[in-house]
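Please find below a colleague's note on this model, arranged as numbered points. Each point takes up one region or one theme.

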Amino acid sequence: MVFSIERRKQDIKALKEETLDVLIIGGGITGAGTALQASASGLKTGLVEMQDFAEGTSSRSTKLVHGGLRYLKNFDVEVVADTVQERAVVQGIAPHIPKADPMILPIYDEPGSTFSMFSLKVAMDLYDQLANVTGTKYANYTLTKEEVLKRVPQLKSDGLLGAGVYLDYRNNDARLVIENIKRAAADGGHMVSRMKVVGILHDENNKASGATVEDLLTGETFDIKARVVLNSTGPWSDTIRQMDDKLDAVPQMRPTKGVHLVVDREKLHVPQPTYFDTGKNDGRMVFVIPREEKTYFGTTDTDYTGDFAHPTVTQEDVDYLLEVVNNRYPSADIKLDDIESSWAGLRPLISSNGGSDYNGGNSKPIKDESFDKVISTIEQFQKGEVDRYTVEDVLKNIETGNSESEDNPSAVSRGSALDIDEDGLITVAGGKLTDYRKMAIGAMKAVIEVLKNDFNVTYELIDSANYPVSGGEINPQEVDEETDKLAQLGVEKGLSESEATYLAHLYGSNAPKVFALIEEVEQIEGLTLADTVSLRYAMDEEMALAPADFLIRRTNHMLFMRDTLDGIIEPVIAEMARYYGWTDEAKAAHTVKLNTAIAESDLKKLKGDGNR
C-alpha cells in the first residue's frame, strides 16, 4: 500500500478533510519536483494530475539531461553554466537515472552550420570548464573525418570535416518524475493522478484558496482547500489561469511539438548519441540516439495549436525527420515501414523572449559579423597576438539580433517564468527538464513567502541538492559498482544477469524491494519473471493504474521493446484486471485505450491498415 490505489483512497480522504499549505496542479517533472521539496520541508502538500504522472510533456522528451552545448555558439555562458551544474546535481540525487553518455557532433562544410571545427573546439573547451570535467575521462576531444567514419560507417562522408565528442547524459524522463512523486508521497504528500481540476476556489478576499476537482476514476467531484495554489501544468498553464474567474489572464504559452521515431539498431546503428545540423539551413539540430536494441531520432520543433492532451505524429513530421536522417546516413535508407514506434510531445515554451525569465534562456542570436569577430579575436589570442582584455572587450560588445525570434519556434525562450496573479495563483511555466529542481526551488520560495506573510506560518526549505529521490540512495561516484551489486541480488533470486541488470538500473536502490517480490508472487503466464515482479511493483508502489502507465511510463516497453510488446499485452491486462477487480467492461475499455496508444505509436494510420 506504499503508493498504491489503497494509498490513493487515503490521500483523497485527506484532500477532502484537510486545508493544505500548498495544492500543486500538474504532475509532470516541475510539479513532481516541487511536491518533493514541499513535502520534505514539512508543508501539507497535495498534488493533482488529470492524467498519469508524466503522461504529458514529461514522458515525451528526447530523454537526455542535455547540457546545451549549442548555446555556446551565442556565448550564452550563464545558461550553459547553470545547465551543466544543475545536471550534476540531478545526477547526484537520482544517480540511477541520468547516465553519462558522451555525444558525438559531426561537422559538415555546408551553409548554416552551427559550428566549424574551430568554433566547436572553443565551445567544447568552455563547456568542459563549466561542467568541471577538464582533464577527466569525460573531457572533450576531436576526431578527423577518417576517425569519424571508422566509428560511424553509415555517416555521410561528403562534406564531412570531422567531429567533436563531449559529455552528455541519457535520461529516463518518466522515471525521474515517478521517483520524485514517490519520495514526496513517502514524506507525507498526497499525490493523486487521474484527478482533474475543473475550477479554482477563492476565499472571502477573492484569493485563490483551492480547487474543485473531478476524480476521473469514480466521477466524483469535490473541493480541495489550500492556502496557496501552484499551477505547474506546462502547456496547460494558460488553461488553468483562464479557468480562474477572478483573473483576466493573458496567454503566455507558445507550445511547440517535438516528434521522435524509433527503428531497429540493425537498420541504423550508431555507437553513441549523435547530434548534428539538419543540413537544411533551418537553424535546427537533430539527435540520433541508441537505446536498448533500438535507435531513435528527433526532434521536430513546430508550433502547436491542437489538443494538448493528444499531440500526434503527422506525415509531415515523418517526412522531415526521414529526409534529415537519410541524408546524414544514406545507406540506412529508412522508410515509413521501418519505424517501430514513435512519440510526440509538447514543449511548454514562453511565447516572448522578453518575458519574466527567472531561470535563464533569454538569449538572442548573435549577428554573423559579431560572431566572426569573436572567433577571429580568439584565434589571435591563441597565437599571442592580442591579450585577454581584448577578448573580454569583444565578448562584452557582442551584437545580437532578434529577427528570427518571432517566427522560428526554435528561437522561442527555453527559460522559465514565475508569475503571481492578483488573486495569489502562482504559475511556474516554461523551462527545460534539466532545470526542474531549480524551477521548483523558485516556486517553493514564493509559496513559503506567501505562507509567512499571509498566514503567519513559517517553513524552512530543505536543501534539495542533497535530498535523493526515491531509488536514489546510491553513491553517485560509484553508480556502476553499486548497480552491479544490486543486480547480483536479482541473479541470486533466479533472474538472468541481463534481467537483473535492467531492473537494477530501472529502480536503483529500490531494486531489492522488486527482487523480494520474486518470493511473494507467482510468475504470470506469458510474462517473464522480471516482467511479473516489475508489474506487481508498479501497481503496489508506483500507482500504475492502467496498462499504458506500466508499458510506456514505468517501463519503456512500448517504445524500445516493440518486438516483445504484442506477446505481453494480454497477460499484463489480465493481471491488472485481476489485481484491481475490473469488470469485463472496464477491462475492455482499458484494452481499447492501450491498443489505440499502440496503433498511434506504430503509426498505423500513416502506414495503412495492412501493416501489423
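1. Strand S16 is largely enclosed by the rest of the structure, because 5 of its 5 residues are buried. Since this is a predicted model, that enclosure should be read as a property of the computed coordinates. Lys294, Tyr296 and Gly298 point one way from S16, while Thr295 and Phe297 point the other way, and all of them are buried. This arrangement can be set beside a general pattern: in a regular strand the side chains alternate between the two faces of the sheet.

2. The pairing of S16 involves strands S13 and S15. With strand S13 (residues 256–264), S16 pairs in the antiparallel sense over 4 bridges, and Asp264 stands opposite Lys294 in S16. With S15, the pairing is again antiparallel and is made through 5 bridges; here Val288 stands opposite Phe297 in S16, and Arg291 has Lys294 as its bridge partner in S16. Lys294 is therefore a residue to inspect from both sides, being under 20% relative accessible area by the definition of buried and listed among the buried residues of S16.

3. Strand S15 (residues 285–291) is itself mostly covered, with 6 of its 7 residues buried. Besides its pairing with S16, S15 pairs with strand S14 (residues 274–277) in the antiparallel sense over 4 bridges, and in that pairing Tyr275 stands opposite Phe287 in S15. S15 and S16 form a hairpin with 2 residues between them, and in this turn Glu292 has a positive phi of about 50 degrees.

4. Some backbone details deserve a check. The peptide bond from Gly298 to Thr299 is cis, with omega near 20 degrees, and Thr299 sits in the loop between S16 and strand S17 (302–303). Asn206, in the loop between strand S10 (195–202) and strand S11 (208–215), has a positive phi near 65 degrees although this residue is not a glycine. Asn456 also has a positive phi, of about 55 degrees, without being a glycine, and is placed in the loop between helix H11 (436–455) and helix H12 (479–492). As for exposure, Asn206 is partly exposed, with a relative accessible area of 41%, whereas Asn456 is exposed, with a relative accessible area of 69%.

5. Which residues touch the most other members of the largest nonpolar core? Of the 64 residues in this core, they are Phe3, Phe53, Leu176, Ile181, Met191, Leu535 and Val572. The largest share of the core, 9 residues, comes from H11. A second, separate core of 32 residues includes Val259, Val270, Leu321 and Leu603. As general background, nonpolar side chains tend to be buried together in soluble globular proteins. Leu535, one of the residues named for the largest core, touches Ile524, Leu527, Phe550, Val572, Glu575 and Met576, when residues up to four places away in sequence are not counted.

6. Helix H18 (residues 562–580) and helix H19 (residues 584–602) pack at an angle of about 160 degrees, with their axes 10 Å apart. That angle makes H18 roughly antiparallel to H19, given that angles over 145 degrees count as such. The crossing of H18 past H19 is right-handed. On the H18 side, the residues that meet H19 are Arg562, Leu565, Ile569, Ile573, Ala574 and Ala577, and their counterparts in H19 are Lys587, Thr591, Leu594, Ile598 and Asp602.

7. A final point concerns Asp173: is this residue buried or exposed? Asp173 is buried, with a relative accessible area of 1%, and is placed in helix H6 (residues 173–186). Leaving out residues up to four places away in sequence, Asp173 touches Ser58, Ser59, Arg60, Ser61, Lys63 and Leu433.

Terms used. Residues numbered from 1 in each chain as written. Predicted model: local features only at pLDDT ≥ 70, side-chain atom pairs only at ≥ 80, totals over all residues. Heavy atoms only, no water. Buried < 20%, exposed > 50% of the residue type's maximum accessible area, 1.4 Å probe, protein only. Pairing = 2+ DSSP bridges. Core = buried A, V, L, I, M, F, W, Y, C linked by side-chain atoms within 4.5 Å. Contact = heavy atoms within 4.5 Å. Axes fitted to C-alpha atoms, helices over the stretch in contact; angles between N-to-C directions. Parallel < 35°, antiparallel > 145°, perpendicular 65-115°, else oblique. Left-handed = near helix turned anticlockwise from the far one by under 90°.
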